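Walk through this fold with me, from a surface patch to the buried core and on to a two-faced helix.

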Amino acid sequence: MKQAKIRLYVEHPLGPGQSVPLDKDQAHYLFGVMRLAVGDAVALFNGRDGEFVAEVAEAGKRKGSLICSLQTRPLQMPPDLWLCFAPIKKARTDFIVEKAAEMGAARIQPVQTEFTNSERIRRDRLQAHAIEAAEQCGGTFVPEVADLVRLDRLLADWPGERQIMFCDETLVGAEEALGAVEGHKWAILIGPEGGFSPRERERLHALPQAHAVSLGPRILRADTAAVAAMTVWQQQMGDWR
Ligand code: SAH
């Protein structure tokens with residue numbers, strides 16, 4: 001079989017010999033845009049069964065199918081890390097979602113804080129960005145993008161065993177690094193361009209699971225802060241070790 005150059009996310013179950021139907025958009029992409037033909041190979045993953053190499057069995061304009069052969073990668077789950085962030089401008093929010101998928105977040109949680117200016121998000125569009133990032137970076141898992149939730153609601157139901165790396169911009173330049181904390185379940189919390197309100201900060205500082213940290217001597221933009229925080233966390237507690 002030819003070498004697969006394209007990685008495609010599908011929802012369908014994958015396994016040796018499994019036939020995978022393609023929808024209109026996937027058929028258009030593979031056969032109309034990428035000009036694949038019967039017999040060509042594609043790498044498939046669905047976020048659950050790992051990655052398989054599959055061969056084009058049927059190539060139509062609006063539909064088609066692939067047949068899986070060998071598993072090329074097992075499912076590799078990221079650590080149990082949520083990225084909670086306040087949505088900012090569209091392109092920067094897209095960036096955060098893309099980077100979270102590449103950096104290995106298990107769940108992406110948009111949060112509405114008091115100073116969040118963007119009150120709506122297109123969850124489906126952000127989910128599509130996470131899928132594209134996983135296709136591109138070789139990931140076999142796709143983090144779920146959750147619906148926007150208010151910070152006070154999120155904290156009211158906060159699971160007791162999940163620690164929070166609370167990136168607090170008022171600690172800029174302080175020596176508040178992320179210390180060694182027991183526990184495998186974590187969340188990173190990043191505020192909006194306007195930062196956290198005093199009330200929110202107070203609430204977070206009072207929460208036993210929250211660990212307020214500084215991200216160095218400069219104030220970072222929220223999208224930079226999200227990547228920086230994930231880097232620090234992955235290196236200290238995640239799957240970079
Ligand atoms: N307007 C605010 C900055 C907000 S930066 C101010 O001038 O103070 C957006 C978010 O990025 C912050 O809410 C925080 O979560 C994170 N952040 C940026 N720089 C940081 C730093 N040096 N330390 C900790 N968190 C930081």
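In this predicted model, Tyr29, Val33 and Met34 make up a nonpolar patch on the surface. Together they offer about 250 Å² of accessible area. Valine 33 belongs to helix H1, residues 24-33. Its relative accessibility is 48%, so valine 33 counts as partly exposed, below the cut-off of over 50% for exposed.

Past H1 comes a backbone feature. Arginine 35 sits in the loop between H1 and strand S3 (41-45). Its phi is near 60°, a positive value in a residue other than glycine. Most residues other than glycine have a negative phi. Arginine 35 is also exposed, at 66% relative accessibility.

Now go back towards the start of the chain. Alanine 4 lies in the segment before strand S1 (7-9). With a relative accessible area of 26%, alanine 4 is partly exposed. What does alanine 4 touch, leaving out residues up to four places away in sequence? The partners are Ala41, Val42, Ala43 and Val53. Alanine 54 is 50 residues from alanine 4 in sequence, yet the two C-alpha atoms are 8.2 Å apart in space.

Next, the interior. In soluble globular proteins, nonpolar side chains tend to be buried together. Here the largest nonpolar core has 34 residues. Leu83, Met165, Ile188, Ile190 and Trp233 have the most contacts inside it. Two or more core residues come from each of strand S6 (81-85), helix H2 (90-103), helix H3 (123-137), strand S10, strand S11 and helix H6 (222-237). H6 gives the largest share of this core, seven residues.

Take isoleucine 190 as a way in. Beyond its neighbours within four places in sequence, isoleucine 190 is in contact with Leu83, Cys84, Phe85 and Ala86, among others. Its contacts also include Cys167 and Phe196. Ala222, Ala225, Ala226 and Ala229 complete the list.

Last comes helix H5, residues 198-206. Which of its residues are buried? They are Glu200, Arg201 and Leu204. These three lie on the same side of H5, because they cover an arc of only 100° around the axis. An α-helix has 3.6 residues a turn, so residues three or four places apart point the same way. On the other side of H5, Pro198, Arg199, Glu202 and Ala206 are exposed. The buried residues of H5 pack against helix H4 (151-156) and three strands: S10 (163-167), S11 (186-190) and S12 (210-213).

Definitions and conventions. Residues are numbered from 1 along each chain as its sequence is written. This is a predicted model: local features need pLDDT of at least 70, side-chain atom pairs count only at pLDDT 80 or more; totals for chains, interfaces and linings use all residues. Side-chain values use heavy atoms; hydrogens and water are left out. Buried means under 20% relative accessible area, exposed over 50%, partly exposed in between (1.4 Å probe, protein chains only). Helices (H or I, at least four residues) and strands (E, at least two) are DSSP runs, numbered from the N terminus. The arc is that of the directions from the helix axis to the C-beta atoms. Contact means heavy atoms within 4.5 Å. Patches are made of residues with over 30% relative accessible area and no salt bridge: like charges are joined within 9 Å, nonpolar side chains (Val, Leu, Ile, Met, Phe, Trp, Tyr) within 5 Å. Accessible areas come from the Shrake-Rupley method with a 1.4 Å probe; for residues, only the protein chains shown count as cover. A salt bridge is a side-chain nitrogen of Lys or Arg within 4 Å of a carboxyl oxygen of Asp or Glu. A nonpolar core is a set of buried Ala, Val, Leu, Ile, Met, Phe, Trp, Tyr and Cys residues joined through side-chain atoms within 4.5 Å.
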